[in-house]
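Reader: I have just opened this one and would like to talk it through with you. Could we begin with the overall picture and then move to the details?

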Amino acid sequence: MRSEGEKQSKKHEVRLAGVLGGRRVGGSGSSWASKGDVNAPDVLVEHKWTSRSSFSVQPATWRKIESEAVMISKTPLLAVRLDRADLDLVVLHEDDYLTMREEIAQLKRELEVTQQEGILAEMENEARCWQCGGLLPEP
């Protein structure tokens with residue numbers, strides 16, 4: 001029979017799999033072919049649940065999920081549920097965090113350029129409309 005902690009841990013793993021677009025790995029990744037607790041398209045998650053209000057990250061825990069994720073070209077995440085504090089956290093390597101920040105910044109720059117191009121196109125359309133002396137038909 002499962003303990004309350006095991007039930008809560010499974011519940012949290014299922015929720016994580018859903019929000020990450022992945023799947024919960026049965027047997028807590030004990031199979032040689034399926035590692036981690038949650039396998040999502042871009043990340044491999046090791047999940048820890050505790051009824052306490054604190055959790056200590058052990059280097060061996062991190063190295064395990066990191067080596068498994070690297071083998072399948074995914075970003076390792078350590079997801080921690082601190083039940084007493086009602087707090088869900090994820091831990092990732094600083095290099096992965098900095099890479100994600102740079103990718104987000106690049107996407108924001110590209111979006112800004114796209115928006116500016118759209119504004120310019122709109123202005124050009126208005127100028128053509130003014131030159132022709134009337135409104136152009138709606139697209």
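Reader: Starting with the surface, then, about how much area does the chain expose, and what share of it do carbon and sulfur atoms supply?
Author: Bearing in mind that this is a predicted model, the chain exposes about 10,000 Å², and carbon and sulfur atoms supply 55% of that area.

Reader: And what percentage of the residues count as buried?
Author: The chain has 139 residues, of which 24% count as buried.

Reader: In what order do the elements run from the N terminus?
Author: The order is α-β-β-β-α-β-β-α, which gives three helices and five strands in the chain.

Reader: Which residues form the largest nonpolar core?
Author: That core has eight residues, namely Leu-16, Ala-17, Val-38, Ala-40, Val-43, Val-45, Leu-77 and Ala-79. At least two of its residues come from each of α1 (4–20), β3 and β4. Apart from this core lies another one, of seven residues, and Ile-65, Ala-69, Val-80 and Leu-82 are among them.

Reader: Back to Ala-79 for a moment: which residues is it in contact with, leaving aside neighbours within four places in sequence?
Author: With those neighbours set aside, Ala-79 is in contact with Leu-16, Val-45, Glu-46, His-47, Lys-48, Leu-89 and Val-90.

Reader: Switching to the hairpin, in which sense do β4 and β5 pair, and over how many bridges?
Author: Strand β4, residues 75–82, pairs with strand β5, residues 87–91, in the antiparallel sense, and the pairing extends over five bridges. Within it, Arg-81 stands opposite Asp-88 of β5.

Reader: What about the turn, how many residues lie between the strands there?
Author: There are four residues between the two strands, and in this hairpin Asp-86 takes a positive phi near 50°.

Reader: How far apart in space are Ser-53 and Asp-86?
Author: From C-alpha to C-alpha they are 8.4 Å apart, although 33 residues separate them in sequence. Ser-53 itself is found in the loop between β3 (43–50) and α2 (59–71), and, leaving aside its neighbours within four places in sequence, Ser-53 is in contact with Leu-82, Arg-84 and Ala-85.

Reader: Why is Ser-53 classed as partly exposed?
Author: Ser-53 is classed that way because its relative accessible area is 45%, and partly exposed covers the range between the buried limit of under 20% and the exposed limit of over 50%.

Reader: Last one, what share of the contacts between residues at least 6 apart in sequence join residues at least 24 apart?
Author: For the chain, that share is 45%.

Notes:
Residues are numbered from 1 along each chain as its sequence is written. This is a predicted model: local features need pLDDT of at least 70, side-chain atom pairs count only at pLDDT 80 or more; totals for chains, interfaces and linings use all residues. Side-chain values use heavy atoms; hydrogens and water are left out. Two strands pair if DSSP finds at least two bridges between them. Buried means under 20% relative accessible area, exposed over 50%, partly exposed in between (1.4 Å probe, protein chains only). Contact means heavy atoms within 4.5 Å. Accessible areas come from the Shrake-Rupley method with a 1.4 Å probe; for residues, only the protein chains shown count as cover. A nonpolar core is a set of buried Ala, Val, Leu, Ile, Met, Phe, Trp, Tyr and Cys residues joined through side-chain atoms within 4.5 Å.
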